[in-house]
Amino acid sequence: MPITSTESTATCPECDGRPRTHNGETICDECGLVLDEYYIDHGPEWRSFNDDTTNSKRTGAPLTRSRHDRGLSTEIGRSTRMNGRKRRLFARLRRQHNRARISTKRERNQVYAFNEIRRLTGVLSVPDQIRDHACSLFRSAQNEDILRGRSLEGFAAACVYAACRVASVSRTQKEVTAAAKATAAEQQAAYDALNRELKLPIGPINPAEYLSRYASELELPTDVERCAREYAAGLSQDGALGGRNPSGVAAGCLYAAAIKYGVDVTQKEVGAVADVTPVTLRATYHDVCKED
DNA sequence: ACGATTATTGCGTTCTT
DNA sequence: AAGAAAACAATAATCGT
């Protein structure tokens, strides 16, 4: 999905400036007013696999927080004024209608979740392969019936996060939550369930997974990044990072490497991109200093 | 619920200009 | 000497189990 800045034809209600949509947010150029929080994808609809559901229904009330039975429902009422053939006919209709309704609801959920996953992977700019994996995770979740009572948005976010983890292209949970419609708690609940039921092959996060991303955000030279990678490898071999925040470890190694190469950055700056405080960053920085 | 890690805040110290 | 950055300590919050 392209992450582009596009001009909108409408003008900002506050100052008549030109709103732009960027990274999923529509923001006014002039006054910074956020007009639309969510990314609307006008691209061709994307379906995951060669599934045979060709006649998807896409009408009806918009899904809210998807508890199991919210959304549209049409019941065929029971009447005492019928009997005999007619009564049996309507019983059959009711049965079939309910079956059909459940199947379309399931499909609608899937379409909704896929769109959300698609939006998230776009905002977080992760590769298409991971996006597809996230969708396949969601289908597995549906098949295992672990969505019941939990929010769709949470599962969408959790699937994206999980797909990143298994592909070793980690984003922090915070990063995903920030882009997601789900709350942190919903995402957490969904991710826990996903992990528990599907037994995902997820090990501890290697701090090195964050290095290249942080390094490029700080515009550090490749020498520094490579050096930081060595530091991280050394620390993990010594087992010096039990239980530490991997994001903080990455930041510490990056900072240490930058200092060594005489690059001018502050702990505060490095901490900002890694979303940790200078204090936590310092902990591994000191460990690195002890190494040599 | 508990232990460890991390965030936050405040404050004296060190380094730079 | 002044200002910024790093260091340190205490307490609150959070996380993993």
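## Overall organisation of chain A

Among contacts in chain A (heavy atoms within 4.5 Å) between residues at least 6 apart in sequence, 64% connect residues at least 24 apart. The model is predicted: local features need pLDDT of at least 70, side-chain atom pairs count only at pLDDT 80 or more, and totals for chains, interfaces and linings use all residues. Residues are numbered from 1 along each chain as its sequence is written, chains are lettered from A and ligands numbered from 1 in the order in which they are written, and side-chain values use heavy atoms, with hydrogens and water left out.

Chain A contains ten helices and four strands. Helices (H or I, at least four residues) and strands (E, at least two) are DSSP runs, numbered from the N terminus. Read from the N terminus, the order of elements is β-β-β-β-α-α-α-α-α-α-α-α-α-α. Of the 292 residues in chain A, 39% are buried; buried means under 20% relative accessible area, exposed over 50%, and partly exposed in between (1.4 Å probe, protein chains only). The accessible surface of the chain is about 16,700 Å², and carbon and sulfur atoms contribute 49% of that surface. Accessible areas come from the Shrake-Rupley method with a 1.4 Å probe; for residues, only the protein chains shown count as cover.

## Aromatic pairs

Rings of Phe, Tyr and Trp (its six-membered ring) pair if their centres lie within 6.5 Å; planes under 30 degrees apart count as stacked, over 60 as edge-to-face and the rest as tilted. This rule gives four aromatic pairs. One of them joins Phe-114 and Phe-138, which are edge-to-face, with 6.1 Å from centre to centre and 70° between the planes. Phe-114 belongs to helix H1 (residues 84-123) and Phe-138 to helix H2 (residues 128-143), so this pair links distant parts of the chain, 24 residues apart. Phe-114 and Phe-138 are both buried.

A further pair is formed by Tyr-255 and Tyr-285, whose ring centres are 4.8 Å apart and whose planes meet at 75°, so the arrangement is edge-to-face. Because Tyr-255 lies in helix H8 (residues 246-260) and Tyr-285 in helix H10, the pair ties together parts that are 30 residues apart in sequence. Tyr-255 is buried, with a relative accessible area of 10%, and Tyr-285 also counts as buried, at 16% relative accessibility.

## The surface near DNA strand B

A residue is near a molecule or strand if one of its heavy atoms lies within 4 Å of it. Around DNA strand B stand Gly-243, Arg-244, Asn-245, Val-276, Thr-277, Val-279 and Thr-280. Of the atoms of DNA strand B that come within 4 Å of the protein, 94% belong to sugar and phosphate. The residues of this surface divide into two nonpolar, four polar and one charged. Here Ala, Val, Leu, Ile, Met, Phe, Trp, Tyr, Cys and Pro count as nonpolar, Asp, Glu, Lys and Arg as charged, and the others, Gly among them, as polar.

Phosphate oxygens of DNA strand B lie at short listed distances from several residues. A polar backbone atom of Asn-245 is 2.4 Å from a phosphate oxygen of the strand. For Thr-277, an N or O atom in the side chain is 2.9 Å from a phosphate oxygen, and for Thr-280 a polar side-chain atom lies 2.6 Å from one.

## The surface near DNA strand C

DNA strand C is surrounded by Tyr-255, Thr-266, Gln-267, Arg-282 and His-286. Sugar and phosphate make up 73% of the atoms of DNA strand C that come within 4 Å of the protein. One nonpolar, three polar and one charged residue form the surface near this strand.

Tyr-255, already described as a member of an aromatic pair, has a side-chain N or O atom 2.9 Å from a phosphate oxygen of DNA strand C. In Gln-267, a polar side-chain atom lies 2.9 Å from a phosphate oxygen of the strand. Arg-282 is located in helix H10 and is partly exposed, at 31% relative accessibility. Arg-282 and Gly-271 are eleven residues apart in sequence, and their C-alpha atoms are 9.5 Å apart in space.

## Positive phi angles in two loops

Glu-219 is a residue other than glycine with a positive phi, near 55°. Glu-219 sits in the loop between helix H6 (208-217) and helix H7 (222-237), and is exposed, with a relative accessible area of 69%.

Asp-275, likewise not a glycine, has a positive phi of about 60°. The loop that holds Asp-275 runs between helix H9 (267-274) and helix H10 (278-291). Asp-275 is partly exposed, with a relative accessible area of 47%.

Definitions and conventions: A polar contact is a pair of N or O atoms within 3.5 Å; within protein, one must be able to donate a hydrogen and the other to accept it, and residues adjacent in sequence count only if both atoms are side-chain atoms.
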